[in-house]
Amino acid sequence: MGNGVPLLNDYKQEFFWKRFPQTVLGGAKLRIGYDAPVYVYLNQIILWVVPWFLGGIFTIILELSYPDDEIKDNLVLYCSVYGSCMFVFVLVIQTISAVVQAQAQQEETRKLKDVKKKNIFSEEDEVEFDSCCGAETLEFVTPAKAFKVNIILHALVSGIMCGLTLWYLMPNSLNLLYGYNYGATVVLHLLGWVTLCIAQYSLTATSPPEPAIFRTMDVYEVTTLTRPFYVFLCITFHILNWYFSIFLVANQVMCVVFAVLPVLWVTGILPPIDALVLWLMEQVHVLLLGGSPMASGIRLLCLLSLSVGVFLGAYFIPSVLGTVILSACMGYILSTNLGGLGFQVWKSCRTKNRVSSSQNIKEARNPRQNTGFLWSWTLSTFLYHIIMVLLVGTVAATLNYFHKDLGADVRTSLGYVIIGLCVAEKVLRDAQNVCIVFGFLRNALFPHSTQREEIFKRRKKHLLVFGITRRILYNWISPLIMVAYLSLHVIQNDPLTQAATNGLGTSYAVWFTFGIVRAYRWVWQSTVHSLTEISIVHIVVIALPGNSIISTWGIPLLLLITGLCRDRFYQLLNKLYFFIVLLITSWTDKKQRLGMTATLIFLSLLFFPVVFAVITVAAILSAPLLPLFTLPLFFIGFPRPQKFWPEGVGASANVCSDSVYYKQFAPQFARSLRTAFANGSLGEPKPGNHYLVRFQDRLVWLMILERGAGFCTVNVKGLELQETSCHTAEAARLDDIFEMAFEKEGGFSPCSFNKYPMHTLTPVDSASVDTYSDARNVLTGVIDIPHSFAITMGYFVKSLVWLILQHVNKMKKREEKMKKPSLTLVTTKNENKRAEAMQEINHNHHTSDLNNKRNNDRVVPVKSTSIKNNLGPFENPSRPSSGQGPKTSRKSSVSSSIHSFTDSIWSDDFDAKISDNRKRVNVVRTSYRNMASSVPDKTGPKTFLEKTGQKTFDDDIEELFDELDFGFPAQDLNKPKPKVHTAAFSKPVTKKSSGNHIYKPVTNLAGSPDFKCQYSSHMSLPLKWRQLPIEYSQLSRHIDQFPVDWYRHVLSVLDWSVTGLPGEKVAIDVGADDALTNCYSQLIMACFSAFDVQGKPANANYLYKCYVGDVPWNAMMDWLAEDKELYTLVMKAYRYGFKLMIDHLLFGDISSNDELMEYLEEYDRDWYIGQESDPEWSKAVLDNTPRLFSLGHNTQQGTYISRTLSLQEVMVHIGRLNAEVVRGQWANLSVELLYLTNDDEERYSIQAHPAILRNLTVQAADPPLGYPIFSSEPITVPTL
């Protein structure tokens, strides 16, 4: 691999050699890559030289016109004049450029296309120049500023910078600074003016491409100010030295730095302004104030501000006791999860102002978050922290106040106790890791295998004793003892009247106060490191004599210095490890060898002192060690915050269909992390640490963002599941490492060594997580057998019966619940109008009798809102009748014998139409026999009134009939009705629906809703489902297949509590109602016909197409598609039937209705059966549905594959990565992609490197450089 993959392809090499001179010269494009007029180069050279030319004139005048003692008197004047000249120069240049370009743009807008200025044969980035001062020339040399205010701002910065630099680089100033060393003066003067020209050109023209790139987009043109900023920084020390002689040495050093600034800019060591500010804030917060790196810049700014406030309070409090109490209490408070509290408050305020519907949508997209003690700021969390603050304050105040009574022996004893606690904590922590002694030895106490989960958990419980003991020592005993130790060392003779810095100089007092504030907070912020530092300081103080200089510095200041040295020493070790691993594996791994590898290794060994100096400087600056192209050729990357990337954590990811599995995994994994971090089995969760998690075919990247008292904040990233060859090679090495560490049935010897010591990953622990186990099975021999379709359709019918009955039952119960709160007396105007209509329809007094009977059975509620029937996420849209136009006369239904006044007694249609007048379905209603024998004309059926020529009702009565759904003639309640065993159909009524030119023959449900059982209305089908676009001949073929016994069995298990009678009796009566049975049989079998193959053999492909909803077109399926509610039920029933078919063939026949009922109830409760592309699939995963099933088709192999996801405890293997290896590779990635633009997918630096996991590390970078498919927001994990 290594010899065949280029580091940089030819095109990118040419691009680099055009870009590099711009970086060196500050943005001047002297290497364009194509022929350009001479004036293009001449213009840039003039702009570059002007500052030096004008500055040289003023320098010569000053040096030659005035003696050395008078130069100071005239220096301000000349510097001001020079700065004003440069201000005017930059302002004029930018103004002219902006005006000319604006005019040219307006001209181009008027002319749609200027063919004279376009050469279709030119290169993509080639510019054709017309004149020396033309718009194209000015746009190329001095591009217009994005913001007009920057024209003035950059000109002002240029003037000030040039004026101060004239003073800074005056030969007289340099002679005074270096004691009239003329050689140094000449060199620094010349190099200094080169630096000024380079920095000033970015203000005059445009910013150069920088190797040190932090953000991918420079929206506000901040990059232009980067180089002038470092010029101002060097000059600042010169100004300070002018007033304070203490800065003499610093000024001399910075003057040399000023001369070599171009080299630092080219090598990319100096960070951009935003990265520098964040890095400085983080270093001050951690090293001086005892804080932690934060998950965001906002959190860092807020916590830094609070910490500075504590420092100022501790410095100015006139009592040492007050300083101790403030530092101890605020040290604990600031070490708690205040960032999480702020985010929680902000989220709560934002939620209150959000519309409820949008809030529900967003909450539905998010997985269930962990809640409870320390997961978020609850009442118990507040109470715990208040108790701890009181305890800490009491301990600190008591010991500090009574320090005279305790004596020096107590302080010495506490120091030895802290040393013992440090050793004990380390032993207890390592005893739970799978690898010990820097990862070289396998821990004999760790369980030998994780293959048997129960045995592993049982043996792991033996190590729980170490974990619980460590929890107690780590979280409470050790911090309180260290607080006591510090309180006995920050003392004065009178703790109430004397300040902590009494008798100290100003500078020493400042650093001493920093030490006090940091020490008290560091005890809680990073207990492990605090134990180490106090142990080291105590040993040093005991070993040295009491009158030594170091001993007189005091414990707080010694702890401050020790903390800085410890942090940088750890970084130095990790960087050396990175250097050694990359140096060795670049030769031992044959795939990593290049032609230059041997040369690089030889030069690295030959110049190892230089390499070691580079590594040391990188460690001191806390900057990543950058291996160029991931070769053993190291540079210093620019310093940046620990979280490395500028964008918000979790702000972006390459989201795909597999992202939802990591989204479900993240909160579940956080629960396992709580136990592991609390016990110490994953080591100390230091901010900046990286962990890699492996289980099944998935890889999870974990990064520690924050660390504090009882919590740590992490970011979880999911890497792609579709593994490439490089991904597979590194994943295979991971599997080998984890198998070597965790899965050996025969056991390990007491001295088992790690077979991969030169690897960036060290196995630490294995944990169980409630997540999905993925199983895929090829259905060859199951889905393709001849009778699989028949079995599927048989179960489909029964599933559909069960689903529709359950759905209607729940829908009716919801309606009843909505009616109860709104029961009122029937005294409204509509009721009076209804009573008058009843009297007009029935010319006798039967109306009042019927009304009395109806009111005795049930009270009709008056509802102010309409009832909506929803199923899942789908709405219930009103659908026009497929057999009629929207303006079908209501008079046709008046003469119908189906909906007589008698029918309305038992039917819920009467109430449904009253409750929802806005959703009317115009259905053609016919009689059992009269309408069946009549032949309708082409415009639709004629009503009885139309045939007899009778006068129609007036409009008011007609509207009332539409509301009440009354019809003629009335029927006798006592008249026996004939039993209907099969469905009776009207002849098809053929009509094209408005807006839809598809032929849909209409069959009206003959049995709807003339029920003989008063409780059948509770199961009455919705009005919109009572009209079916199917021929009589089609439906009659299937009607005998309706499972009546199963239908009645399902009725027997429904909830009939709303009737107030025993459910068994009601179910028998309703099941015996042939009218209701006919309603369901016709609807069910009509849906059945949508999947009917009409005698053709159904193959596996047809089963698959039906499963995914790709059913061949037919009128019934087209009608179903218009009603999402019913369509969802039908597709759900078919998928249930398909799953039942698989279970039937694999596990045996389903012998009884009760067994089938158990299957369906389990599917409804614990399963989601559908497609992976369904939105409900993702929702089911996030809702932790126990099982999911889908069907897929491999078109290349011609096989059908079932996928079953089971929610269960899955053992995940966790390994800790070397943080410097990760940061170094990410630094190289940033340079390669953002500066060299080396985005070749086959480049060397992205190829598999099993030792440093190069490909996986690149994937885990934040977009757009990396491509994780999931990245979580900061997750707080309790560690108590």
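**View 1. A negative patch on the surface of a predicted model.** In this legend, Asp and Glu count as negative, while Lys and Arg count as positive. The model you are looking at is predicted. Look for Asp 68, Asp 69, Glu 70 and Asp 73: together they form a negative surface patch. One of these residues, Asp 68, belongs to helix H3, which covers residues 68-110. Asp 68 has a relative accessible area of 41%. Since buried means under 20% and exposed means over 50%, Asp 68 is described as partly exposed.

**View 2. Strand S6, buried in the structure.** Now find strand S6, residues 698-708. Of its 11 residues, 11 are buried, so S6 is largely enclosed by the rest of the structure. A helpful idea for viewing any strand: in a regular strand, side chains alternate between the two faces of the sheet.

**View 3. The hairpin of S5 and S6.** Strand S5 spans residues 690-695 and pairs with S6 in the antiparallel sense, over 6 bridges. To find your way, start at Val 693, which stands opposite Val 700 in S6. The two strands make a hairpin with 2 residues between them. In that turn, Gln 696 has a positive phi of about 50°.

**View 4. The hairpin of S6 and S7.** Strand S7, residues 711-718, runs antiparallel to S6, and 8 bridges join the two. Try spotting Trp 701 here, whose bridge partner in S7 is Lys 717. S6 and S7 also form a hairpin, with 2 residues between them. Gly 710 sits in this turn and has a positive phi of about 80°.

Definitions and conventions: Residues numbered from 1 in each chain as written. Predicted model: local features only at pLDDT ≥ 70, side-chain atom pairs only at ≥ 80, totals over all residues. Heavy atoms only, no water. Patch = residues over 30% accessible without salt bridge, like charges linked within 9 Å, V, L, I, M, F, W, Y side chains within 5 Å. Areas by Shrake-Rupley, 256 points an atom, 1.4 Å probe, with all protein chains shown as cover. Salt bridge = Lys/Arg side-chain N within 4 Å of Asp/Glu carboxyl O. Charge placed at Lys NZ, Arg CZ, Asp CG, Glu CD. Helix = DSSP H or I, 4+ residues; strand = E, 2+ residues; numbered from the N terminus. Buried < 20%, exposed > 50% of the residue type's maximum accessible area, 1.4 Å probe, protein only. Pairing = 2+ DSSP bridges.
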